[in-house]
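Hi,

Here is the structure I promised to pass on. Have a look at it first, then read on for what turned up.

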Amino acid sequence: MKTTSKYSMKKYRCTSCGHESMIGTNHYGQIYPRCKNCGWKHPLDVGQVHVCLEKVPKGMGVPEPWKRIRLGDVVEVA
């Protein structure tokens, strides 16, 4: 099933703080930008998880969420 479409502005919600904003993407899945509302509280995080609030068009799928790992998950940190 197709998971990408034409680039457009969609409403997204930060799962950390609930802040909603319009963000341009080419899909309806999760995105991972720094939240404009709470990102400063998490300076070591690359970004926060945002979920799309728009209805997925008929015949379209949603990409799988990214697996978030830390350096210690990949190599041993001494």
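The side chain of His 50 comes within 3.1 Å of the backbone oxygen of Gln 48. One thing to keep in mind for this and everything below: the model is predicted. His 50 sits in strand S3, and it counts as buried because its relative accessibility is 2%, where the cut-off for buried is under 20%. Leaving out residues up to four places away in sequence, His 50 touches Tyr 12, Arg 13, Cys 14, Ile 23, Gln 30, Ile 31, Pro 33, Arg 34 and Cys 35.

Gln 48 turns up again with Gly 39. Setting aside neighbours within four places in sequence, Gly 39 is in contact with Arg 34 and Gln 48. Arg 34 is also one of the residues that His 50 touches. Gly 39 belongs to the loop between strand S2 (20-25) and strand S3 (50-52). Is Gly 39 buried or exposed? It is buried, at a relative accessible area of 1%. The C-alpha atoms of Gly 39 and Cys 17 are 9.4 Å apart, although 22 residues separate the two along the chain.

Now the strands. S1 (residues 8-14) and S2 run antiparallel, joined by six bridges. One pairing to look for is Arg 13 with its bridge partner in S2, Glu 20. The two strands make a hairpin with five residues between them, and Gly 18 in the turn has a positive phi of about 90 degrees.

Which residues of S2 are on its covered face? They are Ser 21, Ile 23 and Thr 25, while Glu 20, Met 22 and Gly 24 make up the uncovered face. From the covered side, Ile 23 is among the residues touched by His 50.

Thr 25, also on the covered face, is buried, with a relative accessible area of 8%. Its side chain reaches the backbone oxygen of His 27 at 2.9 Å. Not counting residues up to four places away in sequence, Thr 25 touches Lys 6, Tyr 7, Ser 8, Lys 10, Tyr 12 and Ile 31. Tyr 12 and Ile 31 are also among the residues that His 50 touches.

Last, the surface. Ile 69, Leu 71, Val 74, Val 75 and Val 77 form a nonpolar patch there, with about 500 Å² of accessible area together. Within that patch, Val 75 lies in the segment after helix H1 (71-74). Val 75 is partly exposed, with a relative accessible area of 41%.

Cheers

Methods:
Residues numbered from 1 in each chain as written. Predicted model: local features only at pLDDT ≥ 70, side-chain atom pairs only at ≥ 80, totals over all residues. Heavy atoms only, no water. Patch = residues over 30% accessible without salt bridge, like charges linked within 9 Å, V, L, I, M, F, W, Y side chains within 5 Å. Areas by Shrake-Rupley, 256 points an atom, 1.4 Å probe, with all protein chains shown as cover. Salt bridge = Lys/Arg side-chain N within 4 Å of Asp/Glu carboxyl O. Helix = DSSP H or I, 4+ residues; strand = E, 2+ residues; numbered from the N terminus. Buried < 20%, exposed > 50% of the residue type's maximum accessible area, 1.4 Å probe, protein only. Contact = heavy atoms within 4.5 Å. Pairing = 2+ DSSP bridges. Polar contact = N/O pair within 3.5 Å; in protein donor to acceptor, adjacent residues only side chain to side chain.
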